[in-house]
Amino acid sequence: MTQKSLIINNLEFAKNQLELSDSLVTAQLPRLAEILTNHEKTQVQFQLSGTGKQFRQPSLHLNIKANLAVTCQRCLDEMLISLNLNFDYLISSTEISEAEENDEIDWLEASHEMDVSELIEDELL
C-alpha cells in the first residue's frame, strides 16, 4: 500500500490559515499499526488548521478522530478505543527558552517539509 504524501510548509500553512481534512488507513502508519489488532481498514480522520497567531506566533490546530482496536492487557481480547483528540502547536524558527518550562504549549520547529502523517502517528502513540 502506498503512503499518502502529506508534506506541508508548516510556517506558511499557519500564516495563511490553511486547512487540510483527510483520512489515513492505520496500515499507512507503520509504528501505530504494530500495536493494533485490526489495522488494515481502520480509518484515522484528521483536520489540520492554520490558526494564524496564537501567543503572537503562527500556530496549528490538529483534530484526530479514530476508533482503534487494541489488545486488552488484562483479558487479551480485542478492545475498541474511541478517540477524539485536539492539539495546538506554536510554530517557531528559533528556540524559545520560556516554552521549555510550560508543559501546556507544544512547539514545532518551522519546516518547509513537515510530514503531517508522521505528526498524527506521533500523537496517537
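Here is a short chat about strand 4 and its surroundings in a predicted model.

This is a predicted model in which local features need pLDDT of at least 70 and side-chain atom pairs count only at pLDDT 80 or more, while totals for chains, interfaces and linings use all residues. Residues are numbered from 1 along each chain as its sequence is written, and side-chain values use heavy atoms, with hydrogens and water left out.

Me: Why is asparagine 63 called buried?
Reply: Buried means under 20% relative accessible area, with over 50% being exposed and anything in between partly exposed (1.4 Å probe, protein chains only). Asparagine 63 has 15%, so it is buried.

Me: What makes strand 4 largely enclosed?
Reply: Strand 4 covers residues 57-71, and eleven of its 15 residues are buried, so the rest of the structure largely encloses it. A strand here is a DSSP run of E, at least two residues, just as helices are runs of H or I, at least four residues, all numbered from the N terminus.

Me: How do you know that strand 4 pairs with strand 5?
Reply: Two strands pair if DSSP finds at least two bridges between them. Strands 4 and 5 (residues 78-92) share 13 and run antiparallel; one of the partnerships is leucine 60 with tyrosine 89.

Me: And what joins strand 3 to strand 4?
Reply: Nine bridges, again antiparallel, and glutamine 54 stands opposite glutamine 57.

Me: Which residues does asparagine 63 touch?
Reply: Contact means heavy atoms within 4.5 Å. Not counting residues up to four places away in sequence, asparagine 63 touches Gln45, Phe46, Gln47, Asn84, Leu85 and Asn86.
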